Amino acid sequence: MGRPVRLVLTREQMFTLTGHRPQLTQTVRLGASRDGVLNAVSHRSVSERPTTVAFPMTPAHATTDALYRTPNLHVDAQLAVLDIPGSRAMRGPNEAPGAFALETAMDELAVATGVDPVELRLRNYATTSPSTGLPWSSKHLEECYRVGARRFGWSARSATPRSRVDGQWLYGTGMATAIYPAHRRAARVRIRLLDDDTAVLSTGISDFGTGGATMVRISGADALGIPLMRVTPEIGDSLLPQGAPAVGSSATHATVPMIVNAARDAINELKRLAVTDDRSPWHGASADDLRYERGILHGQGRSMAFGRLLAAVDTPCITALAESSGEADPTYVHHSFGAHFCEVRVNRFTGETRVTRFTTVADVGRVINSRAARSQLVGGVIFGIGHALLEENPLELDTGRLASSTLADYLVPVNADVPNIDVHLLGRPDPVLTGPLGDGSEDVGTRSLGARGLGEIGTVGSAAAVGNAVYNATGIRVRNVPITLDKLIEHL
């Protein structure tokens, strides 16, 4: 048409045209000794693959091949080509449904062997990747189990279903493991040190409420050693240096190392300028004689803020650019981990299920922004509650229409469905994924922060924790989600 065109979808069209999570069936088989030690694990799946836009669902490859120690491991994914609306990567796309199947099966194994679910997972704890044999760059999942159990009060749990009754409500508790890969992505960051003693950090990441701009500002202030208010983030523009995409929980650990590297190069350029420009008080000195600390250059008995130096040499700014292809160290496996603990109550007459308490402990490397991190994990758990109890959009076979294609029909958790969610972040830096941490003696701008992404880890396993709690409350094992009233009431 020779001019920009805008396509506006109705709400119902969005469900069809922007994609949905593929439907799938999963078969998990566990072989174990009587004390719960795994000797064989098999996880197979068959998922829909639309003929138009299709997300290749491989849930076992993202969970079972990386979680528990076993001498015999078999994972397989098959795709069934169907002429249906396109599917997309939705909310922990492989890991969330994969973890529901695996962690439900692990809970069934705990019941069959009489081993506490937390102890069962500790007995099968993998210190290296089960599928590759490689070590993890960082793993503190055992601490997640122990801290989560203590914070939740897991020791008071009764393993006998239907043993806690309060009037018409049956109470139960359950737990599950969370795992999500830490994929590196290509990223570029530009830092400009300005003569007004401020810094501008530019990278083309997006921020739709997940805290990307704040992450850039905090990381830049830390790398340069200056206050937050003297750092301006520039993001969300394709004219900026290519940023890491907001996909796969990867923006943070792709961007932060480049901020650190760009800060290092900017500091080095500042020192070079100080010793080469004849208007500088350090002209003719060696750059090695200068020390940068908290935005100030020191050396030869003099000190000067970088903005004042730039003004003195009539240079409005200096610029440094750092970039990475996104390749991680191939001698390690990189994941984030977590443990979910959940309490539910189920009405023994109607089957109504309510989540009453939830605790999540996450091992996601160093935490850059604790407030945003907690918020993202809370949001992920809420997604998991929706996955477990509410969300469903079946296909009408006679029309090809997705049946629940309005926000009135597609149910998601609202405030009344969500309890207080206790989130604890271990904050253990990853010493490998984003470069060496150092021993604390390095110059500012030369050490890695050891951060990993965490956007989707809260969604993975949280639905299984809810389902396992429902079993503990009712004695009814529901293997397909959502766990709706009709699946419970006929057995209550």
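**View 1. Helix 11 lies across three strands of the predicted model.** Helix 11 (residues 462-474) lies across strand 5 (169-181), strand 13 and strand 14. Its direction is at about 155° to that of strand 5; axes are lines fitted to C-alpha atoms, for helices over the stretch in contact, and angles run from 0 to 180 degrees between N-to-C directions. Contact means heavy atoms within 4.5 Å. Helices (H or I, at least four residues) and strands (E, at least two) are DSSP runs, numbered from the N terminus. In this predicted model, local features need pLDDT of at least 70 and side-chain atom pairs count only at pLDDT 80 or more, whereas totals for chains, interfaces and linings use all residues. Residues are numbered from 1 along each chain as its sequence is written, and side-chain values use heavy atoms, with hydrogens and water left out.

**View 2. Helix 10 lies across strand 13, strand 14 and strand 15.** Helix 10 spans residues 370-389 and runs at about 130° to strand 15.

**View 3. Five strands form an open sheet with mixed pairing.** The strand order is 4-5-13-14-15, where two strands pair if DSSP finds at least two bridges between them. Strand 4 (164-166) and strand 15 (421-425) are the edge strands, each pairing on one side only. From one strand to the next, the twist averages 25°. Strand 13 (residues 335-347) is antiparallel to strand 14 (residues 353-363), with 10 bridges. Val-346 has Thr-353 of strand 14 as its bridge partner.

**View 4. Ile-191, Leu-193 and Trp-282 touch the most other members of the largest nonpolar core.** This core holds 44 residues; a nonpolar core is a set of buried Ala, Val, Leu, Ile, Met, Phe, Trp, Tyr and Cys residues joined through side-chain atoms within 4.5 Å. Buried means under 20% relative accessible area, exposed over 50%, and partly exposed in between (1.4 Å probe, protein chains only). Elements that each supply at least two residues include strand 6 (187-194), helix 7 (212-224) and strand 12 (317-324). Helix 8 gives the most, with 13 residues. Among the residues touched by Ile-191 are Val-200, Leu-224, Ile-259 and Ile-318. A second, separate core of 37 residues includes Ala-99, Val-355, Phe-358 and Ala-469.

**View 5. Cys-144 and Cys-342 are in no disulfide.** A disulfide is a pair of cysteine sulfur atoms within 2.5 Å, and the count comes to 0. For Cys-144, the nearest cysteine sulfur is that of Cys-342, 17 Å away. Cys-144 is buried, with a relative accessible area of 0%. Cys-342 is likewise buried, at 0%.

Technical notes: Lists of a residue's contacts leave out its neighbours within four places in sequence.
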